[in-house]
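Please open the model in your viewer and keep the selection panel at hand. The stops below move from the ligand to a helix and then to two single residues.

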Amino acid sequence: MKIDVVTIFPGILEGPFKESMIKRAIDQGFVDIDLVDLRAYTHDRHRQVDDYPYGGGCGMVLKPEPLFEAVEDLKSHSGQNDSRVMLLTPQGRRFDQQRAREFSKINHLILICGRYEGVDERVRSALVDEEISIGDYVMTGGELAAAVVVDAVIRLLPGFLAEEASGDESFSGSLLEYPHYTRPPVYRGMEVPPVLMSGNHGEIARWRRRQSLKRTLERRPDLLKSADLLPEEKEDLEEIKKQQS
Ligand code: SAM
């Protein structure tokens, strides 16, 4: 997979991509990430990427010319025919695990980071395939949002993590994940549930399934509305609801 992140502040993303799992994914050849400096696509002495908004008002707007040139250049050099251009914006479709899974199947992602008041509307209407928001709040720029997207996507690249590592976790099905414990078995009087140390894999799986359902019911009951539950999960859920009422 190739990911190009188009930004006027590439330095913001140097740290996050040089550590831990993203670095490992790059080093092992699962993904190639380029931080693309938008100013490289300007032609004036001041390398101007923004300008005042027509109609007045505060703030600046990212100009269309460097963005169009950058995306066209990145597409033409990618060697891929399925490049997807994503604009990070609070007005976009909410990013979630399902979208991360879909993005992980794309060979070439181009992420455009906005700044100031955002980008010229012609970028949205004629250059971008999709607009993505990472949540209902407004940040100063799209770089951290791009880092969120990259992080969530690369861990789903086929073969990168062991299948089990992402199989049970929150949102992989429709439920939140069960709680985890590690050593010591008792810490400050708080005990690890004995079933987890029983060695009985059937009982452990059942406990985890029930905990997953309980957590989802308590924290994200909205997820249960669209959950595709197995018959045994439906039974467990009914039992948990009875116990709680
Ligand atoms: N004027 C814009 C509006 O009201 O919709 C907000 C612009 S914001 C200050 C600057 C840039 O930060 C945006 O162009 C976008 O790239 C990025 N950004 C801010 N919040 C975001 C979010 N929740 N998700 C994705 N990108 C975001």
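How far from a nitrogen atom of the ligand does a backbone N or O atom of Ile134 lie? Select the ligand together with Ile134, and the separation you will find is 3.1 Å. Before going on, note that this is a predicted model, in which local features need pLDDT of at least 70 and side-chain atom pairs count only at pLDDT 80 or more, while totals for chains, interfaces and linings use all residues. Residues are numbered from 1 along each chain as its sequence is written, and side-chain values use heavy atoms, with hydrogens and water left out.

Stay with the ligand and add Leu88, where a backbone N or O atom lies 2.6 Å from an oxygen atom of the ligand; then add Glu117, where a polar backbone atom is 3.0 Å from a ligand nitrogen. The protein covers 84% of the 580 Å² of accessible area that the ligand has on its own (Shrake-Rupley method, 1.4 Å probe). Widening the selection to the 20 residues around the ligand (a heavy atom within 4 Å), you will find that Leu88, Gln91, Gly114, Tyr137 and Met139 come nearest.

Next, select residues 231–244, which form helix H10 (helices are DSSP runs of H or I with at least four residues, strands are runs of E with at least two, and both are numbered from the N terminus). Colour Glu233, Asp236, Leu237 and Ile240, the buried residues of H10 (buried is under 20% relative accessible area, exposed over 50%, partly exposed in between, with a 1.4 Å probe and protein chains only). They lie on the same side of H10 because they cover an arc of only 100° around the axis, the arc being that of the directions from the helix axis to the C-beta atoms. The face turned away from this buried side carries the exposed residues Pro231, Glu235 and Lys242, whereas the cover over the buried residues includes helix H8 (201–219) and helix H9 (221–225).

Now move to Arg99 in helix H4 (residues 97–103), which is buried, with a relative accessible area of 8%. Show its side chain with that of Glu130, since a polar contact of 2.4 Å joins the two.

Finish at Pro184, in the loop between helix H7 (163–167) and strand E8 (186–187), where this residue is partly exposed at a relative accessible area of 41%. A C-alpha to C-alpha distance drawn from Pro184 to Val61 spans 55 Å, with their positions 123 residues apart in sequence.

Note on methods: The expected span of a helix is 1.5 Å times one less than its number of residues. Contact means heavy atoms within 4.5 Å. A polar contact is a pair of N or O atoms within 3.5 Å; within protein, one must be able to donate a hydrogen and the other to accept it, and residues adjacent in sequence count only if both atoms are side-chain atoms.
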